[in-house]
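Trainee: I would like to learn how the labels used for a protein model are justified. Could we work through some of them together, slowly?

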Amino acid sequence: MSQAFESTLVEILSRTSAAGVALVDRELRYVTVNAALAAMNGLPADEHVGRHVRDVLWEPGIESIVGVLEHILSSGVPVVDASFSDNSNPQKPRHFLANYFPVREPDGSVSGLAAVVFEQTPAEQALRASESRLRRVSESGIVGMFLWTLDGGIYEANDAFLTMMGYTQADLANGLLNWRRMTPPEYAALDDRAVEELLTNGFHEQLVKEYIGEGGRRVPVTVTSAFLDGSREHGVCVCLDDRARRRAESEETRLLVAERERNQERERTLAAERAARAEAEAARADAEAANRAKSEFLAVMSHELRTPLNAIGGYAELIEQGIRGPVTAQQREDLQRIQKSQRHLLSLINEVLNYTRLESGAVSYDLAPVRVADALRAAEMLITPQLRAKGLRFSRVQCDGSLVVLADPEKLQQILLNLLSNAIKFTGVRDGWPGLVEVRCGTGHTERWVHLEVADTGRGIPPDKIDAVFEPFVQVDSGLVRPHGGTGLGLAISRDLARGMGGDLKLASVVGTGSVFTIALPRYVRGASALSPAAPRPIAEQEL
């Protein structure tokens, strides 16, 4: 194209706000920039002049841009439709589309380069990821340009504009292109106003319109024009293909609608979740109220039943002592059965009462250092009569005298007696050999915990019943007639007591081999303060 065309092109591009334009010398220092590019770079236009691009553009990514510019200066080959991003703000990245052209001297040498940069919206960037936002229709790719006359003639155009409209250079030479005839009637008034602006100012601002291309197809464009230097009849037009932009706007609208619909769906989901939570809270409140009523009922009934049972035991003892008169041997035997039944029933009622106290949080803990060996020895003395009555063997593995736990001594004794009584109850003679009940102690995976184990050689517990045995009022033998009595509260109480002291109670069992109950309690360290126990919770296996 002519030198006048090129100089006017630079001027018109510098005035348009559709693209950022810059001229850069061979040292990659800015010669001039327009307002649009200055805004993109966040630096006033006059402060660009003389600065190297490295001093203006953002990090990271500047080196890749410098590499492209240096390649153009050395090869003289333009680079069009190049995408790059500004990620200096990860929360708000920016995306750009750039075209770089070498500036040649009359002798053909490259003295610098020109840049035309467009900032893309997120919707345009997303659309470009799936298809090219702009078609590479010629060497310049993105900008169509043509020289015109006021009467509508087009006498020179670049390949980009011709391809955009579907024409060839031959069509141009044959006079088939006329910008007035190519303008649909509804845009004629806009063209007239643009011509008036040209006559007044020498250029007109951006005009969004359409051209009728080859075959009658409409091409949406944004155009900006200016007179050539010294002319009032001839000018240059820069034409941008708006099809990609309009598709992007349509896609952005679609995305906004989809996002609004997702937001509405999310609101409906949240409302449903809130309703479900409210329903769950109401159900939990009802369950807690029912549980409190149950606990209160059990506590009252336990107290009410203990009074007459204690009276039965007292009167039976008076009769047995002969205070009410002579007692025969048969009567004495009957009285002993009465006393045994009374003690058994009283034990069951005490278990129920203890459980209701635990469940209501009315149990307090008096934590103190307890020597493990002493606790096991005391428990052995209490269960020796039961062992002898069933003819079972007993083993207490020697415990390290230095092992001390932080526990409530009475609560620990109650747990041990519950576990030992259970072991004796469910262990018998097998193949002519008396069963074995054994107690052991040691530390867990870390030195923070001490384990007290009660093992037996009973018939064991099936894997699907292990969790259930710790539930209140549950026994493995759940038939109408159970061989072993009890309320099914002993293990539930024992685990709650262990957790109340900051520990836990675990069970391992093999059917036909036996069971091992493990009490885990915090190890006492001399000098550490005795704190209140943590809220009851299961301890993770890796902690033990």
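Mentor: We will take the aromatic rings of this predicted model and ask what lies behind each label.

Trainee: What makes the aromatic pair of Phe-84 and Phe-96 stacked?

Mentor: The angle decides the label: planes under 30 degrees apart count as stacked, and the planes of Phe-84 and Phe-96 stand at 15°, with 5.4 Å centre to centre. Phe-84 lies in strand S3 and Phe-96 in strand S4, so the pair ties together parts that are 12 residues apart in sequence.

Trainee: Why is Phe-84 called buried?

Mentor: Buried means under 20% relative accessible area, and Phe-84 has 17%, so the label applies. Phe-96, at 1% relative accessibility, counts as buried by that cut-off.

Trainee: Why is the pair of Phe-146 and Phe-161 called tilted?

Mentor: Their ring centres are 4.5 Å apart, which is within the 6.5 Å needed for a pair, and their planes stand at 40°, which is neither under 30 degrees nor over 60, so the pair is tilted. This pair links distant parts of the chain, with Phe-146 in strand S6 and Phe-161 in helix H5, 15 residues apart.

Trainee: How do you know whether Phe-161 is buried or exposed?

Mentor: Its relative accessibility is 0%, and buried means under 20%, so Phe-161 counts as buried.

Trainee: What makes Phe-146, Phe-161 and Tyr-211 a cluster?

Mentor: Ring pairs link Phe-146, Phe-161 and Tyr-211.

Trainee: How do you know that the charged end of Lys-411 sits over the ring of Tyr-365?

Mentor: One condition is a distance within 6 Å of the ring centre, and the charged end of Lys-411 is 5.7 Å from the centre of the Tyr-365 ring.

Terms used. Residues numbered from 1 in each chain as written. Predicted model: local features only at pLDDT ≥ 70, side-chain atom pairs only at ≥ 80, totals over all residues. Heavy atoms only, no water. Phe/Tyr/Trp six-rings, centres within 6.5 Å; stacked < 30°, edge-to-face > 60°. Helix = DSSP H or I, 4+ residues; strand = E, 2+ residues; numbered from the N terminus. Buried < 20%, exposed > 50% of the residue type's maximum accessible area, 1.4 Å probe, protein only. Lys NZ or Arg CZ within 6 Å of the ring centre and 35° of its normal.
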